[in-house]
Amino acid sequence: PNDEDDGEVSCLARSSMHWNLIRLAKVILDRNAERETMEEMHLYTASFDVRGMQVLLERLTVLVATLEMEDRTTMVSLEEIQQLRLAFAEGLMRAFVAENANKKMAYNNNKLPRVSATGIC
């Protein structure tokens, strides 16, 4: 079985902390984006991996749906929700780019000729 395709997304934090954790994740992603623009070298790094971003996106989707169903949309502004969605989408993009860069680097390292030290005295 392919573990990348199987399973479910879950969050073990208390539900009362989810908005705070979502906002904290956005701050981390914003700082990561600022750091990328300041650096001249384009190192493919991401603050969260793909699975982490999936959890954040899933939690955001559920929290927004819950707010809409309970008609508590005044708790969080629509502008903040849009900013969160944009930051998480960019974070997911960076996570995919970093993951693909790591896979490419691993693939290229495996293509290097192997040097054997057997027979050397």
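Q: Which residue forms a salt bridge with Glu80?
A: A heads-up: this is a predicted model, where local features need pLDDT of at least 70, side-chain atom pairs count only at pLDDT 80 or more, and totals for chains, interfaces and linings use all residues. Residues are numbered from 1 along each chain as its sequence is written, and side-chain values use heavy atoms, with hydrogens and water left out. A salt bridge means a side-chain nitrogen of Lys or Arg within 4 Å of a carboxyl oxygen of Asp or Glu. For Glu80, the closest N and O atoms of the pair are 2.7 Å apart, and the partner is Arg23.

Q: How many residues apart are Glu80 and Arg23 in the chain?
A: Helices (H or I, at least four residues) and strands (E, at least two) are DSSP runs, numbered from the N terminus. Glu80 is in helix 3 (residues 78-111) while Arg23 is in helix 1, so the pair links distant parts of the chain. The separation is 57 residues.

Q: What pattern does the chain follow along the sequence?
A: Start with the parts list: there are three helices and zero strands. Read along the sequence, then, the pattern is α-α-α.

Q: Why are Lys26 and Asp30 separated by about one helical turn?
A: Their side chains meet in a salt bridge, 2.6 Å from N to O. An α-helix has 3.6 residues a turn, so residues three or four places apart point the same way. Lys26 and Asp30 fit about one turn because, in helix 1, they are four residues apart.

Q: Is Lys26 buried or exposed?
A: Buried means under 20% relative accessible area, exposed means over 50%, and partly exposed is in between (1.4 Å probe, protein chains only). Its salt-bridge partner Asp30 has 28%, so Asp30 counts as partly exposed. Lys26 has a relative accessible area of 17%, so Lys26 is buried.

Q: Which residue forms a salt bridge with Arg59?
A: Arg59 itself is buried, with a relative accessible area of 17%. The partner is partly exposed at 24%. With the closest N and O atoms 3.0 Å apart, that partner is Glu58.

Q: Which helix gives the largest share of the largest nonpolar core?
A: A nonpolar core is a set of buried Ala, Val, Leu, Ile, Met, Phe, Trp, Tyr and Cys residues joined through side-chain atoms within 4.5 Å. The largest one has 17 residues, and those with the most contacts inside it include Trp19, Met53, Leu60 and Phe88. Helix 1, helix 2 (50-69) and helix 3 each supply at least two of its residues. The largest share, seven residues, comes from helix 2.

Q: How far apart are the end C-alpha atoms of helix 2?
A: The expected span of a helix is 1.5 Å times one less than its number of residues. Helix 2 has 20 residues, so its span should be 28 Å. The model agrees, because the end C-alpha atoms are separated by 28 Å.

Q: Is Val64 buried or exposed?
A: Val64 lies in helix 2. Contact means heavy atoms within 4.5 Å, and, not counting residues up to four places away in sequence, Val64 touches Trp19, Ile81 and Arg85. Its relative accessibility is 3%, so Val64 counts as buried.

Q: How far apart in space are Val64 and Val76, C-alpha to C-alpha?
A: Trp19 is in contact with both residues, leaving aside its neighbours within four places in sequence. Val64 and Val76 are 12 residues apart in sequence, and their C-alpha distance is 8.8 Å.

Q: About how much accessible area do Met17, Leu21, Leu24 and Ile28 have together?
A: Patches are made of residues with over 30% relative accessible area and no salt bridge: like charges are joined within 9 Å, nonpolar side chains (Val, Leu, Ile, Met, Phe, Trp, Tyr) within 5 Å. Met17, in the segment before helix 1 (18-38), is partly exposed because its relative accessibility is 40%. Accessible areas come from the Shrake-Rupley method with a 1.4 Å probe, and for residues only the protein chains shown count as cover. Together, the four form a nonpolar patch on the surface, with an accessible area of about 320 Å².
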